[in-house]
Amino acid sequence: MPALVNFRGDNDIRCPLDAGLYLSLAPPGDVYYPPCKRSRVTAGSLHVAIQSAIDPVSSPKELPRSIDSLPDECLFEVLRRLPGDNERSISACVSKRWLMLLGGLRQEEIRDAQPLKIDLNDKADGFDDETGIDCNGCLTRCLEGKEASDVRLAAVAVGTSGRGGLGKLVIRGSNPLRGVTDLGISTIAHGCPSLRVLSLCDVPLVTDDGLSEIVSGCHLLEKLELSQCPLISDKGLIAVAKNCPNLVSLTIESCAQIGNLGFQSIGRLCPNLKSVSIKDCPLLGDQGIAGLVSYASTSLTKIKLLGLKVTDMSLALIGHYGKAITDLVFSGLSNVSERGFWVLGNALGLQNLKSFIVTSCRGMTDLGIEAVGKGCPGLKTLHLRRCVFLSDNGLRAFAKAAGSLENLQLEECNRITLAGVVGALLNSNAKFKSLSLVKCLGIRDIPAAPAELPSCNSLRSLTIRDCVGFGSSSLAAVGKLCPQLQNVDLSGIVGVTDDGLLPLIETCKRGLVKVSLGGCVNLTDVAVSSLAKLHGSTIQLLNLEGCKRVTDEAVMAITEGCVLLSDLYLSGCSITDYGVAALTSARQLELKVLSLSGCSGVSDRSLPLLSKIGITLAGLNLQHCNLISGRAIRALGEKMWWCDILS
């Protein structure tokens, strides 16, 4: 197979030809730009040119003896008559002029064109994990940075046309000197009618004309992403709506010229649209959102609105027309007030909403969150981040109203206190399984844990991360409140000591499975040993990174008590070669990941022992272990060739 056929956009096109053949008749520059209108060729001149190419001896001496003397119109006719894809790929290596002419060939212009043949060996590339699309075009190409140019796109168009066709194209960035323009996009439009996924990110030279051309040639397009495309406006998006009835997913980010008209057309003309993500489009307002959600009310299931100037009206429309919506994401909606979220819930249209994420929206208050809880009966996941006006009263009211809530995440909500969290737990339904508190500065430690507390038997996962005011007394109270925990993450809680962790360990009845204690610098071997003894039969992941007071004694307890442990993180602990020897001698352990980064007591003597861990180990971190030499690590890498070793 020629090099061009196997071209994937990450290598230059290299041909064993004289450099003088490149751009023989083209204007100066690295990219050939054919004239917009082909020059008129008379029958006499065409006959002379062809005769010169066929029989240079008998042709007039003043004519050059090269097929490149043919004008574009004649050379185009020759190239489109090539018998097969293999011949076209070889011809594209002759010069950039030939490449660009072949890139401009449409499938219907190829004489005696045959239907595309799918290469079954490439069918795995045709399935997009993100969208679930099984493409007839089975190939994927990604061009990034300086590799993204018109010549590369032409090579992709020619090289993939005979191998099942291009199904997914991603362009990130653009060559600063020979960037992607409408010309390169047009080659994809002509040669890749099977394209279903297109992503254009930071391509400042592509205009509405280029986008219009590619969607007019690629009617099967199902997913489109446009990010930082300053020359694409409503005109281009309207062309997408008219030519892509199968569009399923649309992402528009930082496109300053796209506004209401484009999104209204998308809603009206794309009946299969399911997912829309819009970020930082200053021209988009309530009218665009109204047209989008009202026309696509039966199909649209996912909406993301980030950094837009929409008002309460948009939230009211979503709340009324969003009958099919299952996922909502709002971020940075500075013009939306408390009234908007209140109407969103009370419109009673979001009956199928399952996941709701709100970030930096000042309108999310106690009144708004309570309305969402009452108006969205199927809501299972709520993630609130930097909602500065949300307090304990709203949290308790929401927990009481949300009858299907399973997962609650609060991040940087500084008016929430431990009393509000406890109230939410006690008012939650029997389906509530996961609670996460991250960087909530209002969470403060209590003087002492109450002797008796009602329990929340449904909670299985608890995350309290980087809440600097949280301490041992609060942790002990949480342990009594939630006796059925299986996953606990207390990363970054420096106030937690053995006295706080031990009650939680002792009250968990189901058996802990995943425990993350990274950064809990006050924990000692006592707590870790108790954890291994009481939950060793169930624990699978243990993270002790940064626990400087954890020593080889804790490792001994882990090796004796933990039989199912697969991931162990000991970075920054006071572990020595003796602890590593104990760990590697435990036959019942089948570790997959082991991290010893920053363990200053581990030396070269431990490496032969590590090689005995077994073939189950897939990842080993030995970074910043100053007593381990590079030579010893290389020797270990040769023995454990199956393991990814970081050093």
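Which residues is Ser-436 in contact with, leaving aside its neighbours within four places in sequence? In this predicted model, Ser-436 is in contact with Leu-408, Gln-409, Leu-410 and Thr-463, once those sequence neighbours are set aside. Ser-436 itself has its place in strand E14, which spans residues 434–438. Its relative accessibility is 11%, and because buried means under 20%, Ser-436 counts as buried.

## The chain as a whole

The chain holds 22 helices and 22 strands. Of its 647 residues, 53% are buried. Contacts between residues at least 6 apart in sequence can be sorted by separation along the chain: 82% of them join residues at least 24 apart.

## Strand E11 and its surroundings

Strand E11 covers residues 355–359, and four of these five residues are buried, so the strand is largely enclosed by the rest of the structure. E11 pairs with strand E10 (residues 327–331) in the parallel sense, over five bridges. Within that pairing, Leu-328 stands opposite Phe-356 of E11. Between E10 and E11 the chain passes through helix H12 (residues 338–346), and this β-α-β crossover is right-handed.

E11 also pairs with strand E12 (residues 381–385), again in the parallel sense and over five bridges. Here Phe-356 stands opposite Leu-382 in E12. Phe-356 of E11 thus has Leu-328 opposite it in one pairing and Leu-382 opposite it in the other. Together, E11, helix H13 (residues 366–375) and E12 form a right-handed β-α-β unit.

## Two helix pairs

The helices of the units just described also meet one another. The axes of H12 and H13 come within 7 Å and cross at roughly 10°. Angles under 35 degrees count as roughly parallel, and H12 is therefore roughly parallel to H13. On the H12 side, the contact is made by Glu-338, Phe-341, Trp-342, Leu-344, Gly-345 and Asn-346; on the H13 side, by Leu-367, Gly-368, Ala-371, Val-372 and Gly-375. By class, this contact has six nonpolar, four polar and one charged residues.

Elsewhere in the chain, helix H9 (residues 260–269) packs against helix H10 (residues 286–295) at an angle of about 5°, with their axes 7 Å apart. This angle makes H9 roughly parallel to H10. H9 contributes Asn-260, Phe-263, Gln-264, Ile-266, Gly-267 and Arg-268 to the contact, while H10 contributes Gln-287, Gly-288, Gly-291, Leu-292 and Tyr-295. The classes here are four nonpolar, six polar and one charged residues.

## Two buried cysteines

Two cysteines in loops can be set side by side with their partners in space.

| Residue | Partner | Separation in sequence | C-alpha to C-alpha distance |
|---|---|---|---|
| Cys-244 | Leu-221 | 23 residues | 6.0 Å |
| Cys-547 | Gly-519 | 28 residues | 5.9 Å |

Cys-244 lies in the loop between helix H8 (234–243) and strand E7 (249–253). Its relative accessibility is 0%, so Cys-244 counts as buried. Apart from its neighbours within four places in sequence, Cys-244 is in contact with Val-215, Cys-218, His-219, Leu-221 and Cys-270. Leu-221, the partner listed in the table, is therefore also one of the residues in contact with Cys-244, contact meaning heavy atoms within 4.5 Å.

Cys-547 is found in the loop between strand E18 (541–543) and helix H19. With 0% relative accessibility, Cys-547 counts as buried. Not counting residues up to four places away in sequence, Cys-547 touches Leu-517, Cys-520, Gly-572 and Cys-573.

## Helix H20

Helix H20 (residues 577–584) is mostly covered, with six of its eight residues buried. The buried residues are Asp-577, Gly-579, Val-580, Ala-582, Leu-583 and Thr-584. Among the elements that cover them are helix H19 (552–561), strand E19 (567–569), strand E20 (593–595) and helix H21 (607–610). H19, which covers part of this set, is also the helix that follows the loop holding Cys-547.

Key. Residues are numbered from 1 along each chain as its sequence is written. This is a predicted model: local features need pLDDT of at least 70, side-chain atom pairs count only at pLDDT 80 or more; totals for chains, interfaces and linings use all residues. Side-chain values use heavy atoms; hydrogens and water are left out. Buried means under 20% relative accessible area, exposed over 50%, partly exposed in between (1.4 Å probe, protein chains only). Helices (H or I, at least four residues) and strands (E, at least two) are DSSP runs, numbered from the N terminus. Two strands pair if DSSP finds at least two bridges between them. A crossover is right-handed if, with the strands pointing away from the viewer, the path from the first strand over the helix to the second runs clockwise. Axes are lines fitted to C-alpha atoms, for helices over the stretch in contact, and angles run from 0 to 180 degrees between N-to-C directions. Angles under 35 degrees count as roughly parallel, over 145 as roughly antiparallel, 65 to 115 as roughly perpendicular and the rest as oblique. Ala, Val, Leu, Ile, Met, Phe, Trp, Tyr, Cys and Pro count as nonpolar, Asp, Glu, Lys and Arg as charged, and the others, Gly among them, as polar.
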